[in-house]
Amino acid sequence: MIDRRTFGKAMALGAGAAAVSLTGPQAAPVAAAPRSGASTSGGTSASALPDIAPGTHTTFDRMRHVTAGLLNVGYAEVGPAHGSVVICLHGWPYDIHSFVDVAPLLASRGYRVIVPYLRGHGSTRFRSATTFRNAQQSAVALDIVALMDALGIHRAVLAGFDWGSRTADIIAALWPERVKALVSVSGYLITNVEAQQEPLPARAEHTWWYQYYFSTERGRRAMEDRDKRRELCRLVWETVSPTWDFDDATFARTATAFENPDYADIVIHNYRWRLGLADGERRYDRYEKRLAGRPVITVPTITLDPERDPFTAPGNGASYRDRFTGAYEHRTLTGIGHNLPQEAPTAFAQAVVDVDHF
């Protein structure tokens, strides 16, 4: 989820510049007014998407696989084959169903929407049994670059939340020529492992209970146990999305992605690596060195803050505003929790369409 360094910095900030507020999961998906100091150059305003209720769609019609880098990637595809490409990236503990309502909305505007399972999730598999089950941030980002290469996609709009935001941010920062525009929930999430060693205020540390749990042998064993894993993940859903009234079937659809044989190894390594408790691989050192410097993102960007997500920092994006130097807007969605695209699909899809018109 959100970078502890960014969250810790933001805990000390007061209210920042104003942002648009959208009320509830079925709020009208109007374009946000630019916040003070934001760049708004280029393009024309996009028209509003039709508002749909969360949960209108439950499945993807087209599931595909492609060999890409170290993986055989499972992904959903929606929309015309020759449309402008949008790649939607999920987080933890979620899967491609976070975008099950978003994708048809974008497809209705002519976009080709690609929604991949990240490594260790769903039908995505490592090609070799001997490959280290590494979940450091640059490895996950390179998976998506490899997917783009395998599908012959040179540039795409990237849109994500949680691990997906971090992955999209990294690609936009290191390979901006591959990113037409960016939608990033919770803003700038690139991790600096050294900075993660600094303690946060107690209330912020409390929110991270599962990260510390995963640093223990007990936490690893819980993730390897199917029932305990599902119980833990459902608890995270309930606590980080307190206003989302999801049903058992909605959780069960996503929980099938947790049955991937590499799921526990990937999740545990990701959180231990972020805290400096697990090593990455030397092959990624050059990327991590650049990311440690908090590189700016120059591509057109809309950042989204879910107001009811306990990880959302105060200040309406003020803590990361300086990391985005291109055309930019920030929006806050009131009454919405961590799984923003599934809780507020129209607002998320609208952000994608709008940023593509910057």
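**Notebook: strand β3, cavities, odd backbone angles**

I started at β3, which pairs with strand β6 (residues 125-126) in the antiparallel sense over two bridges. Strands here are DSSP runs of E, at least two residues, and helices are runs of H or I, at least four, numbered from the N terminus. I took two strands as paired if DSSP finds at least two bridges between them. This is a predicted model, where local features need pLDDT of at least 70, side-chain atom pairs count only at pLDDT 80 or more, and totals for chains, interfaces and linings use all residues. Residues are numbered from 1 along each chain as its sequence is written, and side-chain values use heavy atoms, with hydrogens and water left out.

**Strand β3**

I looked up the contact with β6: Leu 71 stands opposite Phe 126. Next I checked β5 (residues 112-116), which runs antiparallel to β3 and is joined to it by four bridges. There, Tyr 75 stands opposite Pro 116. Strand β2 (residues 63-68) also pairs with β3 in the antiparallel sense, over six bridges. I noted Val 73 in β3 as the bridge partner of Val 66. The β2-β3 hairpin has two residues between its strands, and Gly 69 takes a positive phi near 60 degrees. How many of the residues of β3 (residues 71-78) are buried? I found seven of eight, with buried meaning under 20% relative accessible area, exposed over 50% and partly exposed in between (1.4 Å probe, protein chains only).

**Cavities**

I searched for enclosed space and found two cavities of 30 Å³ or more. A cavity is a set of points on a 1 Å grid over the protein atoms alone where a 1.4 Å probe fits but cannot get out; lining residues have an atom within 4 Å of a point. The largest has a volume of about 90 Å³, volume being the space filled by probe spheres set on the points, which are joined across faces, edges and corners. Its lining includes Trp 163, Arg 166 and Asn 270. Helix α4 gives the most, with four residues.

**Backbone angles**

I checked the peptide bond between Trp 92 and Pro 93: it is cis, with omega about 0 degrees. Pro 93 lies in the loop between β4 (85-89) and α2 (102-107). Asp 162 is not a glycine, yet has a positive phi of about 60 degrees. Asp 162 is buried, with a relative accessible area of 2%. Asn 316 has a positive phi too, near 50 degrees. Asn 316 is partly exposed, at 26% relative accessible area.

Note on methods. On a 1 Å grid over the protein atoms alone, a cavity is a set of points where a 1.4 Å probe fits but cannot get out, and a pocket is an open set with protein on both sides within 12 Å along at least five of seven lines; lining residues have an atom within 4 Å of a point.
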